[in-house]
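Welcome, and please take a moment to turn the structure around before reading on. We will walk through it together, one part at a time.

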Amino acid sequence: METSENATAHLPHRIALFTTTKRDFAQHVATKLIDTPYVPTDIFAHIHPQDMERTYLPMFLYEGTFTARWTCRRQAEFVEADGKKRMDYQPAEGNTDGTFAFMLTAYEGSRLPDEIVQFSETIPYTSADFTPVDDRTLTAHTEIETDAWKVNRKADEQFSKRGKALLQEQAENAARAQLKGQKYKGLKTVFTHTFTTNGRLVYVPVWQLHYSYQQNTYYALMDGRGVHTAQTVPQDKGATRDIRNRYRGEVLFDIVLALLPLALVYAIQRIFSVALFSNWITWAVLLAVWLYLLFRVWTAFRHKRNALSEAQQLRRAASMQLLAQIK
């Protein structure tokens with residue numbers, strides 16, 4: 001991967017090695033595409049093993065504890081002088097605390113897609129997931145060539161830029177947890193924090209795949225340990241529209257047909273003053289019509305399920321060809 005001209009090489013303090021293989025990643029990608037309805041049946045013709053890459057992303061790890069004081073206006077019940085009860089919002093305050101652990105990218109630039117930044121910063125790694133770096137670590141597990149992004153950001157700058165906002169969000173979530181089940185408005189929090197890990201440089205393993213389908217780009221991402229994933233999938237809009245409209249139309253038509261005999265019997269009874277609804281034959285005929293229409297509805301849903309199942313089987317068969325190319 002290319003890096004910014006201003007980027008410089010840094011040896012990370014700790015690293016999380018890949019524990020998944022290229023086949024593991026490919027299997028995850030295939031499963032998502034197979035099991036998602038309305039994915040085009042020729043999707044695997046646009047995905048190639050050489051497009052599946054693994055990379056180490058340099059990131060800053062922040063861990064610690066926080067304490068927060070919150071204020072808001074909380075709804076409470078009051079008894080007025082005349083004995084009547086009323087609900088009103090009154091000032092309320094409280095304290096909360098918690099721990100935090102998050103990572104921010106140590107490289108920024110147009111070469112690093114937004115989806116990778118967003119994905120990597122939500123990987124739930126902590127210090128326990130990393131091992132110390134030595135001269136041999138970065139060349140371990142070299143069955144697939146890896147790329148490492150260089151560093152062009154500083155830990156304190158990244159924390160000021162985005163880390164404080166993440167902590168603010170965690171403090172607010174902790175306050176909301178205390179207020180759960182209560183009605184309130186105007187929640188505000190003020191927090192302080194203490195670091196146990198302050199912007200340690202770590203290398204985070206990430207699998208990535210980018211591919212095109214009908215002039216649109218899609219991606220699949222998975223961390224090197226297989227615990228965090230993100231994937232976009234194309235939809236066959238034509239098939240989606242045809243299947244949904246066809247079976248939705250059939251069901252709506254059958255519902256209308258089910259109401260027509262009932263309306264007809266009612267109209268005859270009103271016009272000719274014939275007590276048709278008190279006649280068991282009338283109800284037997286209506287029941288027979290409704291059972292037939294219910295069977296039609298069930299058949300429509302079965303046809304829809306079969307159509308989706310057939311498309312799924314086609315995608316599964318195509319995925320086997322892709323997986324066969326990966327050793």
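The paragraphs below go from the overall layout to the strands, the cores, the salt bridges and a patch on the surface.

Keep in mind from the start that you are looking at a predicted model. The protein has 327 residues, and 37% of them count as buried. Its secondary structure consists of five helices and eight strands. If you follow the chain along the sequence, these elements come in the order β-α-β-β-α-β-β-α-β-β-β-α-α. The contacts reach far along the chain: among those between residues at least 6 apart in sequence, 81% join residues at least 24 apart. On the outside, the accessible surface comes to about 19200 Å², and carbon and sulfur atoms account for 54% of it.

A good place to begin is strand S2, which covers residues 52-79. Strand S2 pairs with strand S6 (residues 184-213) in the antiparallel sense, over 22 bridges. To find this pairing by eye, look for Arg 54, whose bridge partner in S6 is Trp 207. Strand S2 is also joined to strand S3 (residues 85-105) by 21 bridges, and these two strands run antiparallel as well. Here you can use Cys 72 as a marker, since its bridge partner in S3 is Ala 92. S2 and S3 form a hairpin with five residues between the strands, and in this hairpin Gly 83 takes a positive phi near 90°.

Stay with strand S2 a little longer, because it also holds Thr 55. Is Thr 55 buried or exposed? Its relative accessible area is 2%, which is under the 20% cut-off, so Thr 55 counts as buried. Thr 55 and Pro 205 are 150 residues apart along the chain, yet their C-alpha atoms are separated by 5.9 Å.

Now let us go inside. In soluble globular proteins, nonpolar side chains tend to be buried together. The largest nonpolar core of this model has 26 residues, and those that touch the most other members are Phe 25, Leu 33, Ile 43, Phe 44, Ile 47, Met 52 and Leu 209. At least two residues of this core come from each of helix H1 (22-35), S2, S6, strand S7 (216-223) and helix H5 (280-324). H1 gives the most, with six residues. Which residues does Phe 44 touch, leaving aside those up to four places away in sequence? They are Ala 30, Leu 33, Ile 34, Arg 315, Ala 318, Ser 319 and Leu 322. Apart from the largest core lies another one, of 18 residues, including Tyr 125, Phe 130, Trp 149 and Val 204.

Next come the charged side chains. How many salt bridges does the structure hold? There are eight. One of them brings us back to the hairpin: the side chains of Glu 93 and Arg 69 meet at 2.6 Å, N to O. This pair links distant parts of the chain, with Glu 93 in strand S3 and Arg 69 in strand S2, 24 residues apart. Arg 69 is partly exposed, with a relative accessible area of 38%.

A second salt bridge joins Arg 162 to Glu 121, with 2.6 Å between the closest N and O atoms. Arg 162 lies in helix H3 (residues 155-178), while Glu 121 is in the loop between helix H2 (114-120) and strand S4 (131-132), so the pair ties together parts that are 41 residues apart in sequence. The two partners fall into separate classes of accessibility: Arg 162 is partly exposed at 21%, whereas Glu 121 counts as buried at 19%.

A further salt bridge is formed by Arg 225 and Asp 129, whose closest N and O atoms are 3.3 Å apart. Arg 225 sits in the loop between S7 and strand S8 (229-231), and Asp 129 in the loop between H2 and S4, 96 residues away in sequence. Salt bridges that share partners also build one network out of Glu 108, Glu 121, Arg 153, Lys 161 and Arg 162.

Finally, step back to the outside. Leu 264, Ile 268, Ile 271 and Phe 272 make a nonpolar surface patch of about 430 Å². One of these residues, Ile 271, lies in helix H4 (residues 237-272). Ile 271 is exposed, because its relative accessible area of 62% is over the 50% cut-off.

Definitions and conventions
Residues are numbered from 1 along each chain as its sequence is written. This is a predicted model: local features need pLDDT of at least 70, side-chain atom pairs count only at pLDDT 80 or more; totals for chains, interfaces and linings use all residues. Side-chain values use heavy atoms; hydrogens and water are left out. Patches are made of residues with over 30% relative accessible area and no salt bridge: like charges are joined within 9 Å, nonpolar side chains (Val, Leu, Ile, Met, Phe, Trp, Tyr) within 5 Å. Accessible areas come from the Shrake-Rupley method with a 1.4 Å probe; for residues, only the protein chains shown count as cover. A salt bridge is a side-chain nitrogen of Lys or Arg within 4 Å of a carboxyl oxygen of Asp or Glu. Helices (H or I, at least four residues) and strands (E, at least two) are DSSP runs, numbered from the N terminus. Buried means under 20% relative accessible area, exposed over 50%, partly exposed in between (1.4 Å probe, protein chains only). Two strands pair if DSSP finds at least two bridges between them. A nonpolar core is a set of buried Ala, Val, Leu, Ile, Met, Phe, Trp, Tyr and Cys residues joined through side-chain atoms within 4.5 Å. Contact means heavy atoms within 4.5 Å.
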